[in-house]
Amino acid sequence: MKIVAEYKRITSQRGSLRVVVMVLAGALALAAGIGFRTMQPLSVETVEGAPFHWQDDKWTVVNFFAEWCLPCLREIPELNAFYASGEVRVLGVSFDELDNEQLLGVISRQQIAFPVVQSVAKSSLPVDMPIVLPTTYIVAPDGEVVTTIRGEVTRERLNTALAESRSKVL
């Protein structure tokens, strides 16, 4: 009986050790995978088929919009002007699941001048899908999201947020 009890104790310890080893191995694999992903320069494709690299020398404004969202539509001319200044990059992301043809229609109807990412590529973006629209992210040149703006933006609000974001990074 004593031998059976000792055998059960040893095998239960080995089982616990195996669980610990498996958990540690899984955590290391996850950390390595996350680290590898962050080392890779992220690139998504715009509706026009051009690559858009997440990391760049310039700051990036990422704006989530929808055609049914009136504040989103009101801010498009502001974003167009901000994009035209050339100081920062602007990337539009449709909140709705639209194919490229539908997105091209929205871009044309709303006269969007800045690049818009394909709907299938938006899950690859390292920003969260917003819970309110419009939502705008200010992204540093290294690809790090520095500021989140919920609600309608203007050029003035974007300039203020960009200045604040730059001071956070310095």
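Is Ser124 buried, exposed or partly exposed? In this predicted model, Ser124 counts as partly exposed, because its relative accessibility is 30%. The close-ups below take in that serine and several other spots.

**View 1. Ser124 sits in the loop between helix 3 and strand 5.** Look for Ser43 here as well: the two serines are 81 residues apart in sequence, yet their C-alpha atoms are 8.6 Å apart in space.

**View 2. Four strands make an open sheet in the order 4-3-5-6.** The pairing is mixed. Strand 4 (89–94) and strand 6 (145–150) are the edge strands; each has a single partner, so one side of each is left without a neighbour in the sheet. Going from one strand to the next, the twist averages 20 degrees. As background, strands of a sheet pair through backbone hydrogen bonds, in either a parallel or an antiparallel way.

**View 3. Strand 3 (residues 60–65) and strand 4 run parallel, joined by six bridges.** To find your way along the pair, start with Val62, which stands opposite Leu91 in strand 4. Asn63 likewise faces a partner there, standing opposite Gly92.

**View 4. Strand 4 is mostly covered, with six of its six residues buried.** Side chains in a regular strand alternate between the two faces of the sheet. In strand 4, Arg89, Leu91 and Val93 are on one side, while Val90, Gly92 and Ser94 are on the other, and all of these are buried. So what we have is an edge strand with both of its faces covered.

**View 5. Helix 2 (residues 70–84) lies across strand 3 and strand 4.** Its direction is about 160 degrees to that of strand 3. Cys72, Glu75, Ile76, Leu79, Asn80 and Phe82 are the buried residues to pick out in this helix. An α-helix has 3.6 residues a turn, so residues three or four places apart point the same way. The buried residues of helix 2 pack against strand 3 and strand 4, and also against helix 3 (100–110) and helix 4 (155–169).

**View 6. Helix 2 has a kink of about 35 degrees at Ile76.** The kink comes shortly before the proline Pro77, and Ile76 is one of the buried residues of the helix. How does the end-to-end span compare with what 15 residues should give? At 1.5 Å a residue, helix 2 should span 21 Å, and its end C-alpha atoms are 22 Å apart, which agrees. Just after the helix comes Gly86, with a positive phi near 80 degrees.

**View 7. Phe64 and Tyr137 form one of two aromatic pairs in the model.** Their ring centres are 6.0 Å apart and their planes are at 75 degrees, so the pair is edge-to-face. Phe64 belongs to strand 3 and Tyr137 to strand 5 (residues 135–139), so to speak distant parts of the chain, 73 residues apart, that this pair links. Both Phe64 and Tyr137 are buried.

**View 8. Trp68 and Phe95 form an edge-to-face aromatic pair.** Centre to centre, the rings are 6.4 Å apart, with 80 degrees between the planes. Trp68 lies in the loop between strand 3 and helix 2, and Phe95 in the loop between strand 4 and helix 3, so the pair ties together parts that are 27 residues apart in sequence. Trp68 counts as exposed because its relative accessibility is 56%. Phe95 counts as partly exposed, at 27%.

Note on methods:
Residues are numbered from 1 along each chain as its sequence is written. This is a predicted model: local features need pLDDT of at least 70, side-chain atom pairs count only at pLDDT 80 or more; totals for chains, interfaces and linings use all residues. Side-chain values use heavy atoms; hydrogens and water are left out. Two strands pair if DSSP finds at least two bridges between them. Helices (H or I, at least four residues) and strands (E, at least two) are DSSP runs, numbered from the N terminus. Axes are lines fitted to C-alpha atoms, for helices over the stretch in contact, and angles run from 0 to 180 degrees between N-to-C directions. Contact means heavy atoms within 4.5 Å. The expected span of a helix is 1.5 Å times one less than its number of residues. The bend at a residue is the angle between axes fitted to the seven residues ending there and the seven starting there. Buried means under 20% relative accessible area, exposed over 50%, partly exposed in between (1.4 Å probe, protein chains only). Rings of Phe, Tyr and Trp (its six-membered ring) pair if their centres lie within 6.5 Å; planes under 30 degrees apart count as stacked, over 60 as edge-to-face and the rest as tilted.
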